[in-house]
Amino acid sequence: MTLIGTMRSSPEKTFKTKTGNCGSQALFVDYCLKKAGYDSVVIRYNCTVGFCGPNPGPEIGNNPTPYHWTVAYKEGGVIYELDAARHYIGGPYKTYSEIAGGNPFILKSWRDSKY
């Protein structure tokens with residue numbers, strides 16, 4: 001399955017190659033958090049001109065895709081974000097929608113992803 005012009009890698013391949021787009025990195029982080037016992041989920045949200053994450057990096061200005069992938073996990077009754085592609089940890093949040101900046105989003109898991 002093609003993701004944003006490139007292939008998503010399995011968590012194992014992302015670990016071995018130490019590289020991957022935001023989708024591959026999010027699936028890897030989700031895999032690791034689940035193995036550590038966290039309640040985590042991958043969020044893919046639509047980027048808009050005014051918003052593509054709470055910590056937009058320099059790549060956002062020339063982002064060739066309309067989406068970004070990140071990971072949310074719950075701890076102590078609140079939601080946190082761990083965005084490996086942007087080296088960002090954020091929160092606490094009350095809803096997943098806050099992470100997506102109110103933009104449309106979908107929730108996924110590495111378990112239900114096709115590589």
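Here are some worked exercises on the predicted model shown above.

**Exercise 1. Get your bearings: how many helices and strands does the chain have, and which pattern do they follow along the sequence?**

Step 1. Start with the tally: the secondary structure comes to three helices and seven strands.

Step 2. Now walk along the sequence, and you'll meet them in the pattern β-β-α-α-β-β-β-β-α-β.

Step 3. Next, take a look at burial. Of the 115 residues in the chain, 40% are buried.

Step 4. What about contacts? Take those between residues at least 6 apart in sequence: 55% of them join residues at least 24 apart.

Step 5. Finish with the surface. The chain's accessible surface is about 6,400 Å², and carbon and sulfur atoms account for 57% of that.

**Exercise 2. Work out whether the rings of F15 and F28 are stacked or edge-to-face.**

Step 1. A search of the whole structure turns up three aromatic pairs, and this is one of them.

Step 2. The ring centres of F15 and F28 are 6.1 Å apart and the planes meet at 25 degrees. Stacked pairs need planes under 30 degrees apart, so this pair is stacked.

Step 3. Place the two partners. F15 belongs to helix α1 (residues 11–17) and F28 to helix α2 (residues 22–35), so the pair links parts of the chain 13 residues apart.

Step 4. Check how open each one is. F15 has a relative accessible area of 53%, which makes it exposed, while F28 is partly exposed at 22%.

Step 5. F15 has another neighbour to look at: the charged end of K18 sits over its ring, 5.8 Å from the centre.

**Exercise 3. Do the same for Y38 and Y73: is the pair stacked or edge-to-face?**

Step 1. Here the centres lie 5.5 Å apart and the planes are at 80 degrees. Edge-to-face means planes over 60 degrees apart, so that's the label for this pair.

Step 2. Y73 is in strand β4 (residues 67–75), and 35 residues separate it from Y38.

Step 3. Y38 is partly exposed at 32% relative accessibility, whereas Y73 is buried at 11%.

Step 4. Bring in a third ring: Y38, Y73 and Y80 form one aromatic cluster.

Step 5. For another charge over a ring, find R44, which lies over the face of Y67 at 3.7 Å from the ring centre.

**Exercise 4. Describe the surroundings of H68: is this residue buried or exposed, and which side chain does it join in a polar contact?**

Step 1. Find H68 in strand β4.

Step 2. Its relative accessibility is 4%, and the limit for buried is under 20%, so H68 counts as buried.

Step 3. The polar partner is D83: a contact of 2.7 Å joins the two side chains.

Step 4. Leaving aside residues up to four places away in sequence, H68 touches a whole list of others, including C22, I43, Y45, C52 and A85. R44, the residue lying over the ring of Y67, is also among those that H68 touches.

**Exercise 5. Check helix α2: how far apart are its end C-alpha atoms, and how many of its residues are buried?**

Step 1. At 1.5 Å a residue, the 14 residues of α2 should span 20 Å. The end C-alpha atoms are 20 Å apart, which agrees.

Step 2. Count the burial: 10 of the 14 residues are buried, so α2 is largely enclosed by the rest of the structure. Among the buried ones are C22, Q25, L27, D30 and L33.

Step 3. Look at the two ends. At the start, a side-chain oxygen of N21 comes within 3.1 Å of the backbone nitrogen of G23. Just after the helix, G37 has a positive phi of about 95 degrees.

**Exercise 6. Hunt for unusual backbone angles: which peptide bond is cis, and where does K18 lie?**

Step 1. Keep the general rule in mind: most residues other than glycine have a negative phi, and most peptide bonds are trans.

Step 2. The cis bond runs from G91 to P92, with omega near 5 degrees. P92 is in strand β6 (residues 88–93).

Step 3. K18 is in the loop between α1 and α2. K18 isn't a glycine, yet its phi is positive at about 55 degrees. With a relative accessible area of 72%, K18 is exposed.

Step 4. H87, in the loop between β5 (78–83) and β6, also has a positive phi, near 55 degrees. H87 is exposed at 75% relative accessibility.

How values were computed:
Residues are numbered from 1 along each chain as its sequence is written. This is a predicted model: local features need pLDDT of at least 70, side-chain atom pairs count only at pLDDT 80 or more; totals for chains, interfaces and linings use all residues. Side-chain values use heavy atoms; hydrogens and water are left out. Rings of Phe, Tyr and Trp (its six-membered ring) pair if their centres lie within 6.5 Å; planes under 30 degrees apart count as stacked, over 60 as edge-to-face and the rest as tilted. Helices (H or I, at least four residues) and strands (E, at least two) are DSSP runs, numbered from the N terminus. Buried means under 20% relative accessible area, exposed over 50%, partly exposed in between (1.4 Å probe, protein chains only). A charge sits over a ring if NZ of Lys or CZ of Arg is within 6 Å of the ring centre and within 35 degrees of the ring normal. A polar contact is a pair of N or O atoms within 3.5 Å; within protein, one must be able to donate a hydrogen and the other to accept it, and residues adjacent in sequence count only if both atoms are side-chain atoms. Contact means heavy atoms within 4.5 Å. Accessible areas come from the Shrake-Rupley method with a 1.4 Å probe; for residues, only the protein chains shown count as cover. The expected span of a helix is 1.5 Å times one less than its number of residues.
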